[in-house]
Amino acid sequence: MFCGNCGHVVPSTNNFCSRCGHPMNHDFVTDEREGVFVIEAKTKNIDYTNHGELTSIFTRIKRKRVIIDISKVEFIDSTGIGTLVTMYYKTTRTKQQIIVTGVQNAPLNAMKALGVDNLIVFADTQEKAFAEWGITSV
Ligand SMILES: [Zn+2]
């Protein structure tokens, strides 16, 4: 996993970053399936306390296709939404595709309130996101 502060790669058993000493969040887990990079939020909140972890994961992804599964997330603040929006802006340069899956009503309404829901590509489930890319074997 990645340090949310400095981006250093840290063994997942560590509670602190071995480079900068920052406490490690375990709010996001990553996986790679069928050439798609999957980020899964294990937290109920994406906010100013953990958005840095998400950013440092994303900046290191080389894959063109990325799924961000936020089905467990019940609350996202403007910092968390800003993090997602920044990712989408970056993809216009990197040609990556991001699909956000499993968004609940409260986070969706927060995105609508900020007028950014049209920027974000949603799918109900990871399986549907894979299907969008023509991958049905997962
Ligand atoms: Zn660090």
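Two strands are taken to pair if DSSP finds at least two bridges between them, and helices (H or I, at least four residues) and strands (E, at least two) are DSSP runs numbered from the N terminus. Under these criteria Thr-101 has Ala-123 in β7 as its bridge partner. The structure is a predicted model, in which local features need pLDDT of at least 70, side-chain atom pairs count only at pLDDT 80 or more, and totals for chains, interfaces and linings use all residues. Residues are numbered from 1 along each chain as its sequence is written.

The chain contains four helices and seven strands, and from the N terminus on these elements follow the order β-β-β-α-β-β-α-β-α-β-α. With a radius of gyration of 15 Å, close to the 14 Å that the globule rule gives for 138 residues, the chain is therefore as compact as a globular protein of that length. The radius is taken over C-alpha atoms, and the rule is 2.2 Å times the number of residues to the power 0.38. Along the principal axes, the C-alpha atoms fill a box of roughly 40 × 35 × 30 Å. Buried residues constitute 33% of the 138 residues in the chain; a residue is buried if 20 or more other C-beta atoms, placed from the backbone, lie within 10 Å of its own, exposed if 12 or fewer, and partly exposed in between. Of the contacts in the chain with a separation of 6 or more, 61% involve residues 24 or more positions apart, a contact being defined by C-beta atoms, placed from the backbone, that lie within 7 Å.

Five strands form an open sheet of mixed pairing, in the order β1-β2-β4-β6-β7. The edges are occupied by β1 (28–33) and β7 (122–123), each with a single partner strand, so one side of each is left without a neighbour in the sheet. Strands β1 and β2 run antiparallel and are joined by six bridges, with Val-29 opposite Glu-40 in β2. The hairpin formed by β1 and β2 has two residues between the strands. Glu-34, located in the loop between these two strands, has a positive phi near 55 degrees although this residue is other than glycine. Glu-34 counts as exposed because 12 C-beta neighbours lie inside 10 Å.

Strand β2 (residues 36–41) is mostly covered, with five of its six residues buried. Its pairing with strand β4 (residues 65–69) is parallel and extends over five bridges; Val-36 has Arg-65 in β4 as its bridge partner. Strands β4 and β6 likewise pair in the parallel sense over five bridges, and Val-66 stands opposite Ile-98 in β6. Four of the five residues of β6 are buried, so this strand is largely enclosed by the rest of the structure. Strand β6 (residues 97–101) and β7 run parallel and are joined by two bridges. In addition to the pair of Thr-101 and Ala-123, Val-100 is the bridge partner of Phe-122 in β7.

The axes of helix α1 (residues 51–59) and helix α2 (residues 78–94) come within 9 Å and cross at roughly 10 degrees. This angle makes α1 roughly parallel to α2. Axes are lines fitted to C-alpha atoms, for helices over the stretch in contact, with angles running from 0 to 180 degrees between N-to-C directions; those under 35 degrees count as roughly parallel, over 145 as roughly antiparallel, 65 to 115 as roughly perpendicular and the rest as oblique. His-51, Leu-54, Thr-55 and Phe-58 in α1 meet Thr-79, Gly-80, Thr-83 and Met-87 in α2. The residues of this contact comprise three nonpolar, five polar and no charged, where Ala, Val, Leu, Ile, Met, Phe, Trp, Tyr, Cys and Pro count as nonpolar, Asp, Glu, Lys and Arg as charged, and the others, Gly among them, as polar.

Helix α1 also includes Glu-53, which is buried, with 26 other C-beta atoms within 10 Å. Residues up to four places away in sequence not being counted, Glu-53 touches Phe-2, Gly-4, Asn-25, Asp-27 and Phe-28. The C-alpha atoms of Glu-53 and Gly-7, 46 residues apart along the chain, are separated by 7.9 Å.

Lys-95 is located in the loop between α2 and β6 and has a positive phi of about 65 degrees although it is not a glycine. Lys-95 counts as exposed, with 7 C-beta neighbours inside 10 Å. Most residues other than glycine have a negative phi.

Notes:
Contact = placed C-beta atoms within 7 Å.
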